[in-house]
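Subject: Structure handover and notes

Dear colleague,

Please find below the structure I said I would pass on to you. My notes on what was found follow it, arranged by topic.

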Amino acid sequence: MKLTFLGTGTSHGVPVIGCTCSVCRSDDERDKRYRCSAYLEDGDSAFLIDVGPEFRVQALRAGISKVSAVFVTHSHADHLNGLDDLRVFSHTRAVDPSFPQKNNETHGSGLRIYADSNCIRDTKNRFDYIFTPVKEGGGKPKINLVDVAPYGKDNPIREGQLEIIPVPLMHGSLRVTGYLFIKKISGIKKSIAYLTDCSCIPQSSIDLIKSCCGTPDHLVIDALRREPHSTHFNFEQALGCAQVLNPVHTWFIHMTHNMSHVQVERYVSSRLEDYPVLKERVRTGGSVGPAYDTLFIEC
């Protein structure tokens, strides 16, 4: 599995419109953060995690030419509002062999978009034109919204060679979905846990991750800033969660412009004494720190 970070910034993105702070004016490319999204490749399959308002720009920058399915965490604008740009992947560049081409359009139900019931409801409301019958030539994506509710540890989503398990999270008072991507290689599980936009991870979800993959190879986790926030983990909460899950590598995402990439790295390094599990991970070749746009990780 190869995961590329298409965006690692908060809902404003970095630089923030109209802001002249040192981070927004930084020349370090790692301080330029599009809205959060990721691209996961495995063999002939390729998946999106969230499709925000900058998706077209992100896809062009990353050279994305295929999407097999999409996993949406929740319906906030910074995670969903690029949905219309999936048109090309549900028409001329559809890669699923079950979608034979006819008149430049996929046959069947369309590109699979996995999400929870709240997100599906909001998607139908916000993008109602997609689901309104029109005459040929409407120029809209052909998508198949799939509710993640029936899926879990004993009934994972199966896409290509991967098993994907939805992980319930709380984003303030909103229930959202994280995803655990697992691939078995010669009986050994490789895994990436993607947990964005969360202020609480229920114990049942912690237990779910541990029971499904033991030690994640990579933990991608919401870490907004140093100060507390009502709907997002701050750095300390993200470190605390990583201390419990004990991944080999921990990556912060959804970061504001409050600190530069280098400053976040230094902050995390200064706090590891209070997180002995993570300190040991780093000592033995693991890592804990901020992700950045265009970074890719593998397992």
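**The loop around V14**

V14 sits in the loop that runs between β1 (2-7) and β2 (37-42). Please keep in mind throughout that this is a predicted model. Although V14 belongs to a loop, V14 is buried, because its relative accessible area is 4% and the cut-off for that class is under 20%. Leaving aside the neighbours within four places in sequence, the residues in contact with V14 are V23, C24, D31, K32, R33, M255, T256 and H257. As for R25, its C-alpha lies 9.5 Å from that of V14, with the two positions 11 residues apart in sequence terms.

**Salt bridges**

Two of the residues that V14 contacts, D31 and R33, also pair with each other, since their side chains meet in a salt bridge with an N to O distance of 3.8 Å. Both partners are buried, R33 with a relative accessible area of 1% and D31 with one of 3%.

How many salt bridges does a search of the whole structure find? The search returns 14, and a few of them are described here in addition to the pair above. The side chains of R87 and D84 form one at 3.0 Å, N to O; here R87 is partly exposed, at a relative accessible area of 34%, whereas D84 is buried, at 19%. Another joins the side chains of E159 and R112, with an N to O distance of 2.7 Å. E159 belongs to strand β9 (residues 157-159) and R112 to strand β7 (residues 111-115), so this pair ties together parts that are 47 residues apart in sequence. E159 counts as buried at 5% relative accessibility, and R112 is likewise buried, with a relative accessible area of 17%. Beyond these pairs, there is also a network of salt bridges that links E236, R271 and D274.

**Helices α6 and α8**

Two packed helices are described by the angle between their axes and the distance between the axes. For helix α6 (residues 235-245) and helix α8 (residues 276-283), the axes come within 8 Å and cross at roughly 75°. The class for roughly perpendicular covers 65 to 115 degrees, and α6 is therefore roughly perpendicular to α8. Which residues of α6 meet α8? On the α6 side they are L239, A242 and Q243, and on the α8 side they are P276, V277 and L278. Sorted by type, the residues of this contact comprise 5 nonpolar and 1 polar, with no charged residue among them.

**Cysteines**

A disulfide is a covalent bond between the sulfur atoms of two cysteines. The structure holds 0 disulfides. C200, for example, is in no disulfide, and the nearest cysteine sulfur, which belongs to C198, is 8.5 Å away, while the cut-off for a disulfide is within 2.5 Å. C200 is partly exposed, with a relative accessible area of 36%. C212 is in no disulfide either, the nearest cysteine sulfur being that of C213 at 6.9 Å. In contrast to C200, which is partly exposed, C212 counts as buried at 4% relative accessibility.

With best regards

How values were computed. Residues are numbered from 1 along each chain as its sequence is written. This is a predicted model: local features need pLDDT of at least 70, side-chain atom pairs count only at pLDDT 80 or more; totals for chains, interfaces and linings use all residues. Side-chain values use heavy atoms; hydrogens and water are left out. Axes are lines fitted to C-alpha atoms, for helices over the stretch in contact, and angles run from 0 to 180 degrees between N-to-C directions. Helices (H or I, at least four residues) and strands (E, at least two) are DSSP runs, numbered from the N terminus. Angles under 35 degrees count as roughly parallel, over 145 as roughly antiparallel, 65 to 115 as roughly perpendicular and the rest as oblique. Contact means heavy atoms within 4.5 Å. Ala, Val, Leu, Ile, Met, Phe, Trp, Tyr, Cys and Pro count as nonpolar, Asp, Glu, Lys and Arg as charged, and the others, Gly among them, as polar. A salt bridge is a side-chain nitrogen of Lys or Arg within 4 Å of a carboxyl oxygen of Asp or Glu. Buried means under 20% relative accessible area, exposed over 50%, partly exposed in between (1.4 Å probe, protein chains only).
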